[in-house]
Amino acid sequence: MQSPSTAAAATYTTIPISGSDVISRSIQNLSTSLSRHRPWPEFLSAAALDAPASLSAALTRLRRNAKYFTTNYAILVSICAAASLIGSPVALILYAAVFGLWLVLYFYREDPMAAWGRHVDDRVVILGLVLVSFAVLWIIGKVNVLLIGVAVGVLICAVHAVVRNPQGLFLDEDDAVSSGLIMPPPPPPASSSRMKDFAK
């Protein structure tokens, strides 16, 4: 069984665990993911803002900043969506609850679920989440307001990604290898037995 600190992209364990344990581990995965956000002073640094030289430079900035500040942008879009519903507290609470259910039971769940001693198939979980989402949308409405909030958040993130100069951003080693900035480590040397055969 994998440790609770395993990222959300990890494969399932083979033994279904109770719903409360699944939720607990999913919340831990979510908090681990949120803790990976870049420092806000770095995100909001005015010294790093300037206009891109060309359209291709703007697209490069958009791609690099979107990868580097992914968690920050997700938080910002969520805040804008919540702010758009601030005038309707009931809608805000219900939409936040549905969003939380999707995060905990689908996106950050790494274990199969069991309920009342029986394994719960992923398709059943997804169907349940879709039904709950449609029920809340039908009862509360306010979809247009929510979509406007999300669109404003995405627009703010896109503008930031274009005007934020990515020069000097610290890359993780995996990011640096995938972008070709550094070479992957060389393969290990031949085994000692092979070296002995070669010496003969």
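Biologist: Why is Cys 80 called buried?

Modeller: In this predicted model, Cys 80 has a relative accessible area of 15%. The cut-off for buried is under 20%, so Cys 80 counts as buried.

Biologist: And what makes Cys 157 count as buried?

Modeller: The reasoning is the one we just used. Cys 157 has 8% relative accessibility, and buried means under 20%, so the label applies to Cys 157.

Biologist: How do you know how many disulfides there are?

Modeller: A disulfide needs two cysteine sulfur atoms within 2.5 Å. The sulfur of Cys 80 has its closest cysteine sulfur in Cys 157, at 7.0 Å, which is too far for a bond. Seen from the other side, Cys 157 is in no disulfide, with the sulfur of Cys 80 as its nearest cysteine sulfur. The count by this rule is 0 disulfides.

Biologist: Let's turn to Ile 139. Why is Ile 139 called exposed or buried?

Modeller: Its relative accessibility is 60%. Exposed means over 50%, so Ile 139 is exposed. Ile 139 lies in helix α6, which covers residues 122-140. Its C-alpha atom is 9.4 Å from that of Ala 91, and the two residues are 48 apart along the chain.

Biologist: Which residues touch the most other members of the largest nonpolar core?

Modeller: They are Leu 85, Tyr 95, Leu 105, Met 113, Val 125, Leu 129 and Leu 146, out of 15 residues in that core. Two elements, α5 (89-107) and α6, each give two or more residues to this core, and α5 supplies the largest share, with 6 residues.

Biologist: What does Leu 85 touch, leaving out residues up to four places away in sequence?

Modeller: Leu 85 touches Ala 91, Leu 92, Tyr 95, Lys 142, Val 145 and Leu 146. Apart from that largest core lies another one of 8 residues, including Phe 69, Tyr 73, Cys 157 and Ala 161.

Biologist: Now for confidence. Which helix has the lowest mean pLDDT among the elements, and which the highest?

Modeller: Helix α9 (residues 192-199) has the lowest, at 49, and helix α7 (residues 143-163) the highest, at 93. Over the chain, the average pLDDT is 78, and 74% of the residues score at least 70.

Biologist: Where does pLDDT stay under 50, and how many contacts beyond four places in sequence does the model have there?

Modeller: One such stretch is residues 1-11, with 22 of those contacts. Over residues 192-196 pLDDT is also below 50, and that stretch has 1 contact beyond near neighbours in sequence.

Key. Residues are numbered from 1 along each chain as its sequence is written. This is a predicted model: local features need pLDDT of at least 70, side-chain atom pairs count only at pLDDT 80 or more; totals for chains, interfaces and linings use all residues. Side-chain values use heavy atoms; hydrogens and water are left out. Buried means under 20% relative accessible area, exposed over 50%, partly exposed in between (1.4 Å probe, protein chains only). Helices (H or I, at least four residues) and strands (E, at least two) are DSSP runs, numbered from the N terminus. A nonpolar core is a set of buried Ala, Val, Leu, Ile, Met, Phe, Trp, Tyr and Cys residues joined through side-chain atoms within 4.5 Å. Contact means heavy atoms within 4.5 Å. pLDDT is the predictor's confidence in each residue, from 0 to 100.
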